[in-house]
Amino acid sequence: MNGVGRGPTGRLVLVAAGLLAAVAAPGGEAGAPSVSPSPSGELIHVVAPGESLTRIARRYGVTIGALVSANPSLTPTSRLRVNQPLAIPAPSPVRSSGPAPPRLPFDLVLAIPDFDGQAPRFEWPLNGTVISQFGRRRGGWHRGIDIRADLGTPVFAAAAGIVAASDVEPSYGNVVKIEHSHDFMTIYAHHLQNLVHVGDVVETGQVIGQVGRTGRATAYHLHFEVRYKGAVYDSLYLLPSPPRPTQVAGTEDEPADDE
Ligand SMILES: [Zn+2]
């Protein structure tokens, strides 16, 4: 990481002109987007025609969530404008030695989902801070989002449905699984206790459990997943704008659970 350091804001700062040039002109492709450091030293990407958030995130090795967090005017589904400047956050830390990262699980979908209007209108299952995002994490993959809240805080059904499971499992701890219309399912893990039973019909916002840290969890939080036909999707694409700012993925904190 010669020539790259963290500025006071914690974002990536480029100080070596050679590296900057290498980033700015990969392969000399025609119409390559331009990259320049801002006056404060942060890396700024200028959107080129045809570029998407997904493509830009992949190019810099960051998550879409991290890009959105670094650019408050964006949402994960924002349409980008040509010549729009985007702040590029520091890439997720990657170990320089050790085993290669595990292969992406076949049932984990990183792309922005397009359910053609069939997805239920999901609401937040908990009013708290997102402390760990969906996707890549050190040593593996995270199949949901983690939302921190105090022990015993009520957890709400994210949409109307039927309780398919109210169990205790080794990783999830006390877990509730709710089936929704069109083959969607939501999962709520690490409860202090579950407050619904298999077969219960629940409404959006109904209390189904309490925040705890049962199973493989190191802090009080809710692990929340959205599944469609068995595959897991990034909940942040399916929930309304967060009630509080999310923290950037790749935080120095230890993961709050091990799913
Ligand atoms: Zn989790």
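Residues are classed here as buried at under 20% relative accessible area, exposed at over 50% and partly exposed in between (1.4 Å probe, protein chains only). The structure is a predicted model, in which local features need pLDDT of at least 70 and side-chain atom pairs count only at pLDDT 80 or more, whereas totals for chains, interfaces and linings use all residues. Residues are numbered from 1 along each chain as its sequence is written, and side-chain values use heavy atoms, with hydrogens and water left out.

The chain contains three helices and 17 strands, taken as DSSP runs numbered from the N terminus (helices, H or I, at least four residues; strands, E, at least two). Of its 259 residues, 44% are buried. With contact defined as heavy atoms within 4.5 Å, 62% of the contacts between residues at least 6 apart in sequence join residues at least 24 apart. The chain exposes about 13,200 Å², and carbon and sulfur atoms supply 53% of this area; accessible areas come from the Shrake-Rupley method with a 1.4 Å probe, and for residues only the protein chains shown count as cover.

Nonpolar cores were identified as sets of buried Ala, Val, Leu, Ile, Met, Phe, Trp, Tyr and Cys residues joined through side-chain atoms within 4.5 Å. The largest such core has 34 residues, and the members that touch the most others are Phe122, Ile145, Ile178, Tyr188, Ile208 and Phe224. At least two residues of this core are supplied by each of β9 (145-148), β12 (173-179), β13 (184-194), β15 (207-211), β16 (221-228) and β17 (231-233). Strand β16 gives the largest share, four residues. A second core, separate from this one, comprises 16 residues, among them Tyr60, Val62, Ala66 and Leu67.

Tyr60 also belongs to helix α2 (residues 53-60), whose buried residues are Leu53, Ile56, Ala57 and Tyr60. These four lie on the same side of α2, because they cover an arc of only 100° around the axis, the arc being that of the directions from the helix axis to the C-beta atoms. Gly61 follows α2 and has a positive phi, near 70°.

Positive phi values also occur at two residues that are not glycines. Asp183, in the loop between β12 and β13, has a phi of about 70°; its relative accessible area is 48%, so Asp183 is partly exposed. Lys229 occupies the loop between β16 and β17 and has a phi of about 50°. With a relative accessible area of 57%, Lys229 is exposed.

The search of the whole structure gave five salt bridges, each being a side-chain nitrogen of Lys or Arg within 4 Å of a carboxyl oxygen of Asp or Glu. Side chains of opposite charge can pair when their charged atoms come close. One of these bridges joins Asp107 and Arg143 (2.6 Å, N to O). This pair links distant parts of the chain, 36 residues apart: Asp107 is in the loop between β5 and β6, and Arg143 is in the loop between β8 (140-142) and β9. Both Asp107 and Arg143 are buried, the relative accessibility of Asp107 being 16%. Beyond its neighbours within four places in sequence, Asp107 is in contact with Arg143, Gly230, Ala231 and Val232.

Val232 is part of strand β17 and is buried, at 0% relative accessibility. Its C-alpha atom is separated by 6.1 Å from that of Val109, although the two residues are 123 apart along the chain. Apart from neighbours within four places in sequence, the contacts of Val232 are Asp107, Leu108, Val109, Phe134, Arg143, Glu225, Val226 and Arg227. Two of these contacts, Arg227 and Glu225, form a salt bridge with each other (3.1 Å, N to O), and both are buried. In a further salt bridge, Lys177 pairs with Glu169 (3.0 Å, N to O). Lys177 is buried, with a relative accessible area of 16%, whereas Glu169 is partly exposed at 24%.

At the surface, Leu151, Leu192 and Tyr220 make a nonpolar patch of about 260 Å². Patches consist of residues with over 30% relative accessible area and no salt bridge, with like charges joined within 9 Å and nonpolar side chains (Val, Leu, Ile, Met, Phe, Trp, Tyr) within 5 Å. Tyr220 is located in the loop between β15 and β16 and is partly exposed, with 33% relative accessibility.
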